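Colleague: Got a minute to go through this model with me? I'd like to start with how it is laid out and then get to the contacts.

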Amino acid sequence: MDTITLKIDGIEVTVPKGSTVLEAAHAAAVKIPTLCFLKEINEIGACRMCLVEIKGSPKLAAACVFPAADGMEVFTSTPRILANRKKTLELILSNHRKECLSCVRSGNCELQKLCREYGIEDENYYAGANPEFRIDDSAAHMVRDNSKCILCRRCVAACTVSQGIGCIGANERGFDTNIGSVFDLPLAETSCIHCGQCITACPVGAIYEKDSVDDVFAAIHDPSKHVLVQVAPAVRAGLAEEFGKPVGTDAQGKMAAAMRRLGFDKVFDTLFSADLTIMEEATEFLDRVKNGGTLPLITSCSPGWIKFCETYYPDMIPNLSTCKSPQGMFGAVAKSYYAEKEGIDPKDIVMVSIMPCTAKKFEYQRPEMNVNGLRDNDYVLTTREFGRMIKLAGLDWDMLPEEDFDLPLGLGTGAAVIFGATGGVMEAALRTAVEVLTGEELPNVDFEDVRGLKDIRTATYEVAGLTVRVAVTSGLANARKLLDMVKAGELEVDFIEVMACPGGCVNGGGQPQVHASVRNFVDIRAERAKVLYALDQGNAIRKSHENPAIKEIYETYLGEPGSHLAHKLLHTEYTPRKINGNWD
Amino acid sequence: MTDNIITSLADTSFYKIQRRIALKNCGVIDPENIDEYLAMDGYMALHKVLTEMTPDDVIQVMLDSGLRGRGGAGFPTGLKWKFAKGYDAPQKYVCCNADEGDPGAFMDRSVLEGDPHVVLEAMAIAGYAIGSSQGYIYVRAEYPVAVKRLNIALQQAREYGLFGKNIYGTGFDFDIDIRLGAGAFVCGEETALMTSIEGNRGEPRPRPPFPAEKGLFQSPSILNNVETWANIPQIILNGADWFSSVGTEKSKGTKVFALGGKIRHTGLVEIPMGTPLSTVIDEIGGGVPNGKKFKAAQTGGPSGGCIPASHINVQMDYEHLAEIGSIMGSGGLIVMDEDNCMVDIAKFFLTFTCDESCGKCTPCRIGTKRMLEILDRITSGKGTMEDIDKLEDLAYYIKDNALCGLGQTAPNPVLSTIRFFRDEYEAHINDRHCPAAVCKELFHYVVDPDKCIGCTQCLRNCPPFAITKTDYIAEGHKLPSVKIDNDKCIKCGACIEKCKFDAISKQ
C-alpha cells in the first residue's frame with residue numbers, strides 16, 4: 001500500500017495515501033474537533049470546527065476533508081486555530097437554545113462537550129436574534145426541535161446518503177436556513193420511513209425519539225396489569241454504551257436483571273419470536289419455491305424497510321414475506337398462547353417491546369398489527385429509553401448481576417440472536433431451511449458469505465438438488481441498488497434479506513448515540529455485531545427449529561408452521577403508499 | 001458640438017480613454033444575426049485553433065497572454081485550462097459563469113446580450129484545449145434577453161455547422177447546454193454553480209478537490225466568467241503578445257467596469273488594466289455632479305472595499321486594488337460623495353451578503369448576521385466603542401474561516417470602511433450623529449427661522465404633521481416661520497424637497 005509521511009504538530013506520522021488530515025492526526029494521537037463530519041456519510045466541511053493550519057498555505061484547511069500529502073506540516077492547535085474554534089462555538093451557541101439541563105442529550109451532547117473542552121466562558125457573547133421554529137412532532141417516532149439544530153446536516157446526509165430517501169433537507173437560506181421536510185410538510189406526511197438514522201446522526205438534542213418511559217412505568221405500577229417485556233437481539237449489543245461502556249460490550253445478562261428489577265412481571269426475549277419468524281419464513285420460502293410463488297422472497301423484519309418498499313417499490317409488495325416482524329409475532333403470541341397457557345385475560349396484558357429501532361414505534365401502531373382485536377404491542381421503547389428507565393429507577397449498572405430470561409418466551413437460539421446484525425436473518429433461515437430440505441444435520445452452521453458489511457452480498461447454495469440464490473443488504477440506499485438490479489434482471493436471486501439501517505439493527509435508529517469522534521474511527525456496526533456473533537457461538541442451540549420452546553408452541557398450540565392459526569396470529573399484509581403524500 | 005462640428009462618439013471623453021476588447025462587438029453588431037458576428041472575424045479563432053493549433057498550443061497562448069479570470073479572483077486562465085487538460089476522464093466540462101449578481105453590475109449581461117457568439121466560440125476553443133465536448137452556460141433567469149439571444153446564437157451556430165458534431169470537418173465535437181440560475185448570488189461561486197447545475201441546492205463544496213480535477217458531475221471542469229471568455233477569440237487571432245502589451249506587468253489586458261453612483265456619466269467602461277481610478281472618475285465619468293465632493297469609490301461589490309479620496313490615484317488592477325483592501329471583483333464601480341454614510345454603505349453590502357449566504361458554513365451563516373446586528377446597533381445610535389472591536393474581530397474570523405469566497409470576502413466592505421472612515425463609525429457611536437445625515441436615527445431636520453418665509457409648503461406636505469407654525473417672523477418676512485417636532489418627524493425628507501428657500505437642513 002502506498003503511504004505518505006507528514007507531520008502533525010511536529011509529530012511525524014505515516015498513513016495510507018488518500019488519508020485526510022483528520023485521519024493522519026488520529027494516527028498521530030491528535031484529536032481534531034469536528035461537528036458536521038460523519039465519515040463516508042457527511043463529508044461537507046461545513047461546521048469549520050476542524051480547520052487547521054498547513055505550513056506554506058495562507059488559507060486554513062478543513063481537516064475532515066483535506067487530503068494529507070507527503071511532507072505536509074500541519075498545525076492543529078495554534079493560538080489562531082484555538083481562537084477561531086472558540087468563536088465558531090460561540091456563534092453556534094448564539095443560535096442555539098441553550099437549555100442544557102433539561103435537554104435529552106445533556107451529558108451526551110457533542111456541542112456541550114466541545115464547549116467545555118474549549119472553555120467557553122460567555123455563552124451569550126454573540127447573543128442576537130434567532131428564528132422561531134415550530135416543533136415537528138407529527139411523526140410516530142420522533143420530534144424535531146430546530147431551536148437546538150446546529151445545521152451540521154448529519155441528519156440530512158443519513159436520510160439521503162445512507163438511506164437514499166431524502167425526505168428532509170435544508171430549507172430557506174442564510175441565517176434562516178433550517179432543516180425541514182420536503183415542501184415543509186409535517187414529517188408524518190412525507191415518505192419518512194421512521195428509521196431514526198437522523199436521530200443517531202444528530203450531535204445535539206434537535207432530534208429525539210418520542211418518549212414512552214413514563215407510560216411504561218405507570219403500567220408496571222398498575223396492579224391490574226400483567227406487564228410483559230420483550231427485548232430485541234441488538235439491544236444487548238448497544239445498551240451498555242448508555243452506561244459509558246465501550247462500543248461492543250455485551251449487556252445481555254445485566255439487561256435481563258435490569259428488566260426484572262424494573263418490575264416487569266415476566267422478562268421475555270424477542271429471540272423467541274425471531275426463532276418463530278424463521279419457522280414461518282423458512283416454510284414460506286420453501287412453499288414459494290416448491291409451488292411457484294412470487295420470488296425472490298424478501299424478509300419483513302425491518303419496519304423501516306417495509307414502509308420503504310410500500311412507498312418506493314409497491315410493485316414488489318408481493319415479494320415481501322407475509323410474516324409479521326419478530327416484535328409483532330411476540331405480542332401476538334403473548335396475548336394468545338401465553339395468556340391461555342397462564343390463564344390470564346389478554347386484555348390485562350401490557351406488552352412492552354424494547355427495540356434498537358424507532359420504526360418499531362410506527363410498526364406497532366399499524367392497524368394490521370393486532371391479535372383478536374388487541375394491539376400486539378402496547379409500548380415500544382428504544383434502547384436509549386430503556387437506558388434512561390434504568391437510570392431513573394436508580395439501578396446501578398455496574399452492580400447489576402447477570403441473569404437469565406423467564407421461560408418459556410425468554411428462550412432463544414443462536415440463530416435468533418444474530419437477527420440483530422445484517423445477514424443474520426438470512427443465516428438463521430438457511431440453517432433451518434437446509435436441514436428441512438436435506439433432513440440431515442448441517443456440519444457447519446456458519447454461513448460466512450452472508451455476514452459482513454459489504455453493500456450487497458450474494459451467495460448460492462446447492463441443497464438437496466435445489467439451487468438457492470440469496471442476497472443480503474442493509475441501508476436503504478443499498479437496498480435501492482439491489483432492488484433495481486433485481487428488477488432489471490441483472491441479479492437473479494430467490495431470497496433477499498433487507499435491513500433498513502446500515503449494518504442492521506445493531507446500528508438501528510433507537511440505539512445509543514455515539515459521538516462522531518468515535519464513530520469516525522470505530523465501525524460501531526462491526527463492533528456491536530461481534531457481540532451477537534459471540535452470543536451465537538456460545539449458545540448451545542444454534543438453529544431455530546431446535547428451540548424447545550418453539551417445538552412446544554407448535555406441538556401444543558399452532559400446529560405446524562404456516563398453519564391457519566399461525567397465519568392468523570403471525571402473518572400480516574401491506575399497503576402501497578404514495579411518495580410524500582400526494583406529491584408523487 | 002463644438003464650433004459646429006459634431007464630435008464623434010469615439011472622441012468623447014467617455015469613450016476616448018476606453019480600450020474595447022471584451023466589448024468590441026457590443027452595440028456594433030446585431031447579436032441575433034450570426035452573419036454580423038462572422039463579418040467581425042467571428043469563429044475565425046475557433047477555425048484557427050482547430051486547423052492550425054494543438055491543444056497545448058492553445059493553452060500556451062493563453063498562458064503567454066497573461067489573461068486572468070475576470071470574475072474577480074484573477075486566477076490565470078491558461079493555468080486553469082492546463083490543470084483540467086492534465087486530468088484524464090471520459091468526459092470533461094467547460095462552464096461559463098453568467099450568474100452575474102453583484103448589485104449594480106451588468107458587464108456580463110451586456111456581453112451576453114450584445115455579443116453572445118463570442119462566448120460560444122471561446123467555450124468551444126476551451127473545449128478543444130482541455131478535451132471536452134460539452135459546455136454549460138449558467139445564466140441567471142433574471143436575464144431573459146441574454147438567455148434568448150444565447151439560444152438564438154446556439155441555434156444559428158449549430159445550423160452553420162460551427163457547433164455540434166465534427167466542427168469545421170476536423171472531427172471535433174462540441175455543444176452547449178444552458179442552465180438558468182434561480183437567483184442565488186452564491187451560485188456565482190464555482191463549486192456552488194456546479195452543484196446547482198447538477199440539480200442540487202446551490203451550495204459550495206470544499207476544495208480540494210478543485211474543479212479542474214473533480215468539478216461538474218465529479219469530472220474535470222473549467223469555469224470562466226463571461227468577460228474572460230469575451231477576450232479569448234481575439235487573443236487567439238491577435239496573439240498573446242498583442243494582448244499582453246495592454247495593461248500592467250501582472251494584470252494584462254483590459255477590464256470592464258460598471259460605473260455608477262454619484263457620477264456624471266454612468267455606464268460600462270472598458271479600460272486598460274492599471275488605469276488610475278482618478279482617470280475613470282474625472283475624465284471618463286466626468287466627475288461627481290452637483291458640486292459635491294468625491295468621498296469614495298466602491299469596487300468589487302459586496303466582496304470589495306471602499307477606496308477613499310486619498311487613494312484616488314490607485315491603479316485599477318488586481319494587485320493595487322488588493323493592496324488597499326479592495327478587490328477588482330467582477331467590475332462594479334460605485335462612486336460616492338459626501339452625502340453617503342460609509343457605515344450605511346457597509347451595512348448595505350453586508351445586508352446583501354447576509355441575505356445571500358447559502359447557510360452552509362457557520363461563520364458565514366451566523367457570523368455575518370451577528371456583524372449586521374452590530375452595524376444595526378451602530379447606525380441606530382446604540383453602538384459602543386467595543387462594537388467596533390467586535391466587528392473587526394468577527395470580520396477577520398469570517399475571512400479566515402468561511403467555506404467559500406462569498407463568506408471569505410463578505411466582511412471586506414466593513415473592514416475597508418473601518419480602515420478609511422473610522423471617524424464616521426466613532427461619530428455614530430460617540431456623538432450619536434451620522435455625519436452624512438443618512439442614518440435616520442442619528443440626524444434631524446432643522447428649520448432656519450431667518451430663511452423661512454412661512455409659506456407652509458413643508459407643513460402641508462409633512463405626513464406625520466410634525467411641522468407647526470411659530471410666533472417668530474423674521475425681518476423682512478410677513479409670515480411666521482415653522483418648526484419641526486423631532487419626536488414626530490419620520491425623516492422622510494418631504495419638507496426639504498418642498499422648501500424653495502433652503503431653510504431646512506439635516507443636522
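Colleague: Sure, so which domains is chain A divided into?

Modeller: Keep in mind that this is a predicted model. Going along chain A, residues 3–77 make up one domain and 95–209 another. Residues 214–570 are assigned too, so the division is domain 1 (3–77), domain 2 (95–209) and domain 3 (214–570).

Colleague: How many charged residues are on the side of domain 1 of chain A that touches domain 2 of chain A?

Modeller: The centres of these two domains, taken over C-alpha atoms, are 26 Å apart. Their contact takes 13 residues from domain 2 of chain A and nine residues from domain 1 of chain A. On the domain 1 side, eight are nonpolar and one is polar, and the number of charged residues is none.

Colleague: Which residue in S2(A) is the bridge partner of Ile4(A)?

Modeller: Strand S1 of chain A (residues 3–8) pairs with strand S2 of chain A (residues 11–16) in the antiparallel sense, over six bridges. The two form a hairpin with two residues between them, and Asp9(A) in the turn has a positive phi of about 50°. Ile4(A) has its bridge partner in S2(A), and that partner is Val15(A).

Colleague: Which element gives the most to the side of chain B that touches chain A?

Modeller: The contact takes 25 residues from chain A and 23 residues from chain B. On the chain B side, the elements giving two or more residues are helices H15 (342–356), H16 (362–379) and H17 (385–401). By class, that side has nine nonpolar, five polar and nine charged residues. The element that gives the most, with eight residues, is H16(B).

Terms used:
Residues are numbered from 1 along each chain as its sequence is written. Chains are lettered from A and ligands numbered from 1 in the order in which they are written. This is a predicted model: local features need pLDDT of at least 70, side-chain atom pairs count only at pLDDT 80 or more; totals for chains, interfaces and linings use all residues. Two strands pair if DSSP finds at least two bridges between them. Helices (H or I, at least four residues) and strands (E, at least two) are DSSP runs, numbered from the N terminus. Two residues are in contact if their C-beta atoms, placed from the backbone, lie within 7 Å. Ala, Val, Leu, Ile, Met, Phe, Trp, Tyr, Cys and Pro count as nonpolar, Asp, Glu, Lys and Arg as charged, and the others, Gly among them, as polar. Domain bounds come from an automatic or database domain assignment.
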